[in-house]
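Student: Got a minute to go through this model with me? I'd like to start with the pockets.

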Amino acid sequence: MKRVIDNFGKNLWVLILLLSMAFVNVSCDDDDDDEAGNEEPMPVETMTITDIAAGNTDFSILVAALQKVGLDDDLASESGEFTVFAPTNAAFADLLEELGASGLDDVSNDVLTSVLLYHVVSGSKMASMIETGYYNSLSAGPMDGYGLSFYVDMATGTINGRAMITATDIKADNGVIHVIDKVILPMSITDHAIANPAFSSLVAGVVKAELAGALDDDAATFTVFAPTNDAFDMFFTDMGITLDDLSKETLSSVILYHAIGAFVPASMVEAGYFPTLSTAFERNISVKVDTDGGVMLNADSEVVATDVVATNGIIHAINKVIMPPGIVDIAMDNSNFSILVQAVVKAELVDALSGDDPLTVFAPTNAAFEELFAAINVTGIDDLTKEDLTPILLAHVVSGNVASTDLSNGNVPTLNDQKMIAINVDSGVSIDGTINVVAADIQGKNGIVHVIDKVIVP
């Protein structure tokens, strides 16, 4: 009987202990449940780009700079992903010494913001995804929506030929960090050409022509069609010359012919004639742009890379050097003038239209010639002799470089002594009452071309 009572007592204590444990478990479960009875997840600790930088003493100046301009919260955001090329403290110390600044307070917020965002690319790019080439940063370029570009050379592990990538692939929850040993600075057009070894020949030409300062000017905005080294090698071979054989004046004219005085990204390139910075007779020489199946300049040079954004413009790379054209070149580069070119060649007028004295040509299109052929009942140029063609062609040429804005009502002599043309500018420009100028002011190095829709017949 005593054994039964003892066993009962022991069992009672075990039961009480089990009930107590159950009560404790229920109480703990209640604490972890929300009002709906669902278990609340444990909080997840995040490590954003800002968190990682703040946790590394070697990035303390970078963090201070981000905080100074209010970018620390942006790089802590998990709503986007970023790739940051992060300069070390030593890199910032070198920059401040370079700028002659005692600290970050000596750098304006606008400048500091531009520099910091120049180290940031949208999207998460691990080192294995980065190839040699240009990348657009989040630093604002001359036009909204176009971030300043920097050049990565993976063969040397450098950025803009200035900063070395010393560590890669520090993964954050909102992107990735690569460490660099120099602060990279936004670059002008001249700086970009210098930073890319593929443009070393262009740089040599710019230096010899003393144009580095002009293309470095942040007060102006340019679009530069930049020939590669291969393009210059081909140019020198075809011309049978070297860079040393070109005078400063000639080289300046050629290089400026590759530049337009406006910001024109690839998305805004249109077909037509556009004024370059190269001049003749105090007017800007025209370059012809075609956009069918890619972008071609003067029907010969192809744009092979686009949208390298600089502080003062944008660069597109081309595979051939383009030369300021003469009047005959303008006609030859435009397929709409192919019949005119045939006529000029047959009439042996190429040399006459290629001299240094300025000329103004009213150039009939192919459609204009075909209308003439139908009117005189011939099939084409082959049915006309040199003697037939010469007076017709010379009736389209006026001495002097006469822009459309310089024309006025009246009779104008042509190179055909027997033919005056009657100009009227009351409603557009017309010739002899029935011929219309449909495109004007295509400037060449030895004259200017106006396009007309009918052939002038003496």
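**Pockets and a sheet**

Tutor: Sure. In the second largest pocket, 21 residues form the lining, and those nearest its centre are Ile327, Leu340, Val344, Leu353 and Val361. A pocket here is an open set of points on a 1 Å grid over the protein atoms alone, where a 1.4 Å probe fits, with protein on both sides within 12 Å along at least five of seven lines; lining residues have an atom within 4 Å of a point. It's a predicted model, where local features need pLDDT of at least 70 and side-chain atom pairs 80 or more, while totals for chains, interfaces and linings use all residues. Residues are numbered from 1 along each chain as its sequence is written, and side-chain values use heavy atoms, without hydrogens and water.

Student: Which elements give two or more residues to that second lining?

Tutor: H10, helix H11 (338–346), strand E15 (359–364) and helix H13 (386–394). Helices (H or I, at least four residues) and strands (E, at least two) are DSSP runs, numbered from the N terminus.

Student: How many nonpolar, polar and charged residues does the second largest pocket have in its lining?

Tutor: There are 20 nonpolar, one polar and no charged residues. Ala, Val, Leu, Ile, Met, Phe, Trp, Tyr, Cys and Pro count as nonpolar, Asp, Glu, Lys and Arg as charged, and the others, Gly among them, as polar.

Student: And the largest pocket, what's its lining by class?

Tutor: That lining has 10 nonpolar, one polar and five charged residues. H8 gives the most, with five residues.

Student: Switching to the sheet: what's the strand order?

Tutor: E9-E8-E14-E13-E12-E11-E10, an open sheet of seven strands with mixed pairing; strands pair if DSSP finds at least two bridges between them.
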